[in-house]
Amino acid sequence: MSSIHYSWYLSGLNEEYKDQVIILMGEEIKLGRTEQNDVVLAQNNISRHHASIFVGPKACHIQDMGSRNGTFVNGTRIDPAAPKKIAIQDELRIGQYLFVVGKKAPKNTGYAVTAEKILQAKKKIESFSKEWSKELRIKSEKLRSKDFFSSKQKKSIKLPEIKLSKRFVLYSLMILVLAWAAYSSQSKDSTPSSKSVESQKETSLANSTSISTNPNTKSYPAAKRSDIDSIMERALSYVQFKDYAAAIPLLQSVLATESENEKARLLLDRCKKRLLETIEHHRENGAREYEKLYYDRAIIEWKKAYSLAVDFDSTIASQIETLIQDAQDKLKNN
């Protein structure tokens with residue numbers, strides 16, 4: 001069996017992989033739109049098998065597998081003809097998805113269970129199932145044997161206790177943990193995926209009228225009056241999942257049509273406040289890591305803040321971009 005390296009990982013910056021760490025387990029990790037890939041990117045502009053990441057003990061490479069829209073490393077489209085070497089803090093973009101490359105994944109983070117890990121667990125289950133069936137068959141044959149008990153003993157026979165080995169119990173617990181991790185990862189990914197599809201539908205409902213209450217904030221088109229109720233329901237669902245960045249453009253489109261809609265205005269103010277708090281939270285986390293001289297961790301936190309601020313407030317986004325550039329310069333000098 002080939003060796004598996006666990007030190008490389010991707011940190012998601014947006015979409016359903018936002019704030020998640022995907023540990024790259026195996027020598028090849030496939031990324032694409034279909035379920036056969038190790039990392040599923042469920043967007044229409046992603047190819048079936050879009051790209052592959054090849055993991056080694058000292059280096060990591062990414063190769064575009066002939067996709068239509070390409071794979072980008074630090075903003076540059078890579079050549080599909082040959083793998084491209086990637087390093088720590090490199091930014092990968094596949095469609096709308098943004099990832100940052102890292103090594104030695106931090107503790108207590110979310111992770112994706114790859115197909116290779118599930119296959120290993122399945123093989124262990126099958127192996128122990130065969131051993132267990134063989135042991136039960138031997139015991140049952142002894143019980144049916146004519147010479148095993150006398151006729152009197154057969155009347156009062158009691159089945160012997162079956163003792164499980166420690167190794168069997170430990171491996172069974174390990175398999176249960178892997179199954180639970182796989183289920184948790186799938187259930188967590190399902191909600192933002194559906195939200196992304198709904199966000200695309202809402203964009204198609206807009207027309208040309210727009211409003212903006214902040215000169216640094218992006219303007220959004222007005223909604224049709226017949227779609228107001230539907231858009232409000234979806235905005236409320238985004239707020240429930242704390243996805244304030246997705247709710248704001250919907251509420252802006254409602255207010256562009258019905259400026260007197262007090263419910264939408266109050267909800268919009270709440271979303272803006274919560275979004276600013278989230279941005280500030282990531283900025284403060286990045287500042288703490290910067291003071292500790294952990295520039296790579298600071299960059300990850302500030303990039304999360306930048307992805308939230310870039311379509312919300314250009315002034316804040318510009319300030320965060322300056323912080324990221326400074327930390328990258330420090331990281332290169334070290």
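What is the mean pLDDT of the protein chain, and what percentage of its residues reach 70 or more? Keep this in mind as you start, since the model is predicted.

**Exercise 1. Find out how confident the predictor is along the chain.**

Step 1. Start with the overall values: the mean pLDDT of the protein chain is 76, and 71% of its residues reach 70 or more.

Step 2. Now look for the extremes. Confidence is highest in strand E7 (residues 72-73), at a mean of 95, and lowest in strand E12 (residues 206-211), at 33.

Step 3. Mark the stretches to read with care. Over residues 1-5 the pLDDT is below 50, and this stretch has 13 contacts in the model beyond near neighbours in sequence. The pLDDT is also below 50 over residues 190-217, a stretch with 51 such contacts.

**Exercise 2. Trace the open sheet from one edge to the other.**

Step 1. Follow the strand order: E2-E1-E11-E10-E7-E8, six strands with antiparallel pairing.

Step 2. Pick out the edges. Strand E2 (21-23) and strand E8 (76-77) each pair on one side only.

Step 3. Zoom in on one pair. Strand E10 (residues 91-94) and strand E11 (residues 97-103) run antiparallel and are joined by four bridges. Take leucine 92 and look across to E11: its bridge partner there is phenylalanine 99.

**Exercise 3. Describe helix H7 and what surrounds it.**

Step 1. Check the length. Helix H7 covers residues 295-309, which makes 15 residues, and spans 21 Å from first C-alpha to last, close to the 21 Å expected at 1.5 Å a residue.

Step 2. Ask how covered H7 is. Eleven of its 15 residues are buried, among them Tyr295, Trp302 and Leu308.

Step 3. Find the packing partners. The buried residues of H7 pack against strand E1 (8-12), E10 and E11, and also against helices H5 (244-257), H6 (262-291) and H8 (314-333).

**Exercise 4. Explain why leucine 308 counts as buried, then list what it touches.**

Step 1. Locate the residue: leucine 308 lies in helix H7.

Step 2. Compare its accessibility with the cut-off. Buried means under 20% relative accessible area. Leucine 308 counts as buried because its relative accessibility is 7%.

Step 3. List the contacts. Apart from neighbours within four places in sequence, leucine 308 touches Lys18, Ala245, Leu275, Thr278, Ile279 and His282.

Step 4. Set sequence beside space. Leucine 308 and alanine 246 are 62 residues apart in sequence, and their C-alpha atoms are 9.9 Å apart in space.

Key: Residues numbered from 1 in each chain as written. Predicted model: local features only at pLDDT ≥ 70, side-chain atom pairs only at ≥ 80, totals over all residues. Heavy atoms only, no water. Pairing = 2+ DSSP bridges. Helix = DSSP H or I, 4+ residues; strand = E, 2+ residues; numbered from the N terminus. Expected span 1.5 Å × (residues − 1). Buried < 20%, exposed > 50% of the residue type's maximum accessible area, 1.4 Å probe, protein only. Contact = heavy atoms within 4.5 Å. pLDDT = per-residue confidence, 0-100.
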